[in-house]
Amino acid sequence: MMRIPFLKPRGRDYFLEPLAQSDSPAVSRLHQEDFHRPWTDGEFASLLAQDTVFGFVARETGRGHEAPAGFVLARLAADEAEILTVAVARSHRRQGLGWKLMDAVLRELHRQRAEALFLEVDETNAPAIALYRRFGFSEVGKRPNYYQSATGASGALVMRRDLR
Ligand SMILES: CC(C)(COP(=O)(O)OP(=O)(O)OC[C@H]1O[C@@H](n2cnc3c(N)ncnc32)[C@H](O)[C@@H]1OP(=O)(O)O)[C@@H](O)C(=O)NCCC(=O)NCCS
């Protein structure tokens, strides 16, 4: 896939490209910022080695390859897909990167003729839920006490979006 450049307000300039196994250490560092049980670079590398798994990374133009601004990882098996994780670094949020990353996954899934996309999200994660609802996801289930953290347990919402 080609690089997709795009220009944001405030003069920040980003591009998306497919996530590669060599991005594993950097994306696992980014994942650590936000998730109570972060995935190791080995876990990312072994996910990315699977044929069914793909993703995209957003980088700020001119900043080298070390620090991705955001990334998304998805899996497509048969004709159903799942968002495994999506994260944007704090200093790069609210500039449309989460949206661009999700949009890149949707385009790829349309290309592959997938039928539906699922995800699980912590029911207390308002920013992510807002993003997903704007993307046309709706709630199809709930898993109580799914996420455990130092501050207690919270449930997961299971969300789905039709792709056809
Ligand atoms: C969720 C996340 C990926 C959004 O990334 P982002 O790049 O800031 O999102 P965008 O700028 O593309 O936002 C797109 C839309 O989502 C919604 N949204 C995003 N962040 C929001 C927030 N903090 N509060 C309310 N709505 C929000 C808005 O509708 C926004 O559109 P707008 O800016 O025009 O109002 C980011 O907050 C993040 O990495 N969070 C931590 C990791 C995480 O929770 N991942 C998801 C769980 S798997």
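This is a working chat about a predicted model, its ligand and a few of its residues.

Trainee: Before we start, what kind of model is this, and how are residues numbered?

Mentor: This is a predicted model, in which local features need pLDDT of at least 70, side-chain atom pairs count only at pLDDT 80 or more, and totals for chains, interfaces and linings use all residues. Residues are numbered from 1 along each chain as its sequence is written, and side-chain values use heavy atoms, with hydrogens and water left out.

Trainee: Okay, where does the ligand sit?

Mentor: The ligand sits in the largest pocket. A pocket here is an open set of points on a 1 Å grid over the protein atoms alone, where a 1.4 Å probe fits, with protein on both sides within 12 Å along at least five of seven lines, and a molecule sits in one if more than half of its atoms lie within 2 Å of its grid points.

Trainee: And how many residues surround the ligand?

Mentor: There are 19 residues around the ligand, and the closest are Val 86, Val 88, Gly 96, Asn 125 and Arg 134; a residue is near a molecule if one of its heavy atoms lies within 4 Å of it.

Trainee: Which element gives the largest share of that shell?

Mentor: That is H4, with six residues, while E5, H3 and helix H4 (126-134) each supply at least two residues of the shell. Helices (H or I, at least four residues) and strands (E, at least two) are DSSP runs, numbered from the N terminus.

Trainee: Which residues have a polar backbone atom 2.8 Å or 2.7 Å from a ligand oxygen?

Mentor: For Val 88, a polar backbone atom is 2.7 Å from an oxygen atom of the ligand; for Arg 94, a backbone N or O atom lies 2.8 Å from a ligand oxygen; and for Trp 99, a polar backbone atom is 2.8 Å from a ligand oxygen. Taken alone, the ligand exposes 910 Å², of which the protein buries 77%, with accessible areas taken from the Shrake-Rupley method with a 1.4 Å probe.

Trainee: What about Gln 95, buried or exposed?

Mentor: Gln 95 is buried, because its relative accessible area is 6%, and buried means under 20%, exposed over 50% and partly exposed in between (1.4 Å probe, protein chains only). Gln 95 lies in the loop between strand E5 (80-88) and H3, and its side chain reaches the backbone oxygen of His 92 at 3.3 Å.

Trainee: Then which residues does Gly 98 touch?

Mentor: Not counting residues up to four places away in sequence, Gly 98 touches Val 88 and Leu 131, where contact means heavy atoms within 4.5 Å. Gly 98 lies in helix H3 (residues 97-111) and is buried at 15% relative accessible area; Gly 98 and Leu 131 are 33 residues apart in sequence and 7.7 Å apart in space, C-alpha to C-alpha.

Trainee: Changing topic, what is phi near for Ala 78 and Asn 145?

Mentor: Phi of Ala 78 is near 55° and phi of Asn 145 is near 50°, each a positive value in a residue other than glycine. Most residues other than glycine have a negative phi.

Trainee: Where do those two lie?

Mentor: Ala 78 lies in the loop between strand E4 (70-77) and E5 and is exposed, with a relative accessible area of 78%, whereas Asn 145 lies in strand E7 (residues 138-149) and counts as exposed at 52%.

Methods: A polar contact is a pair of N or O atoms within 3.5 Å; within protein, one must be able to donate a hydrogen and the other to accept it, and residues adjacent in sequence count only if both atoms are side-chain atoms. On a 1 Å grid over the protein atoms alone, a cavity is a set of points where a 1.4 Å probe fits but cannot get out, and a pocket is an open set with protein on both sides within 12 Å along at least five of seven lines; lining residues have an atom within 4 Å of a point.
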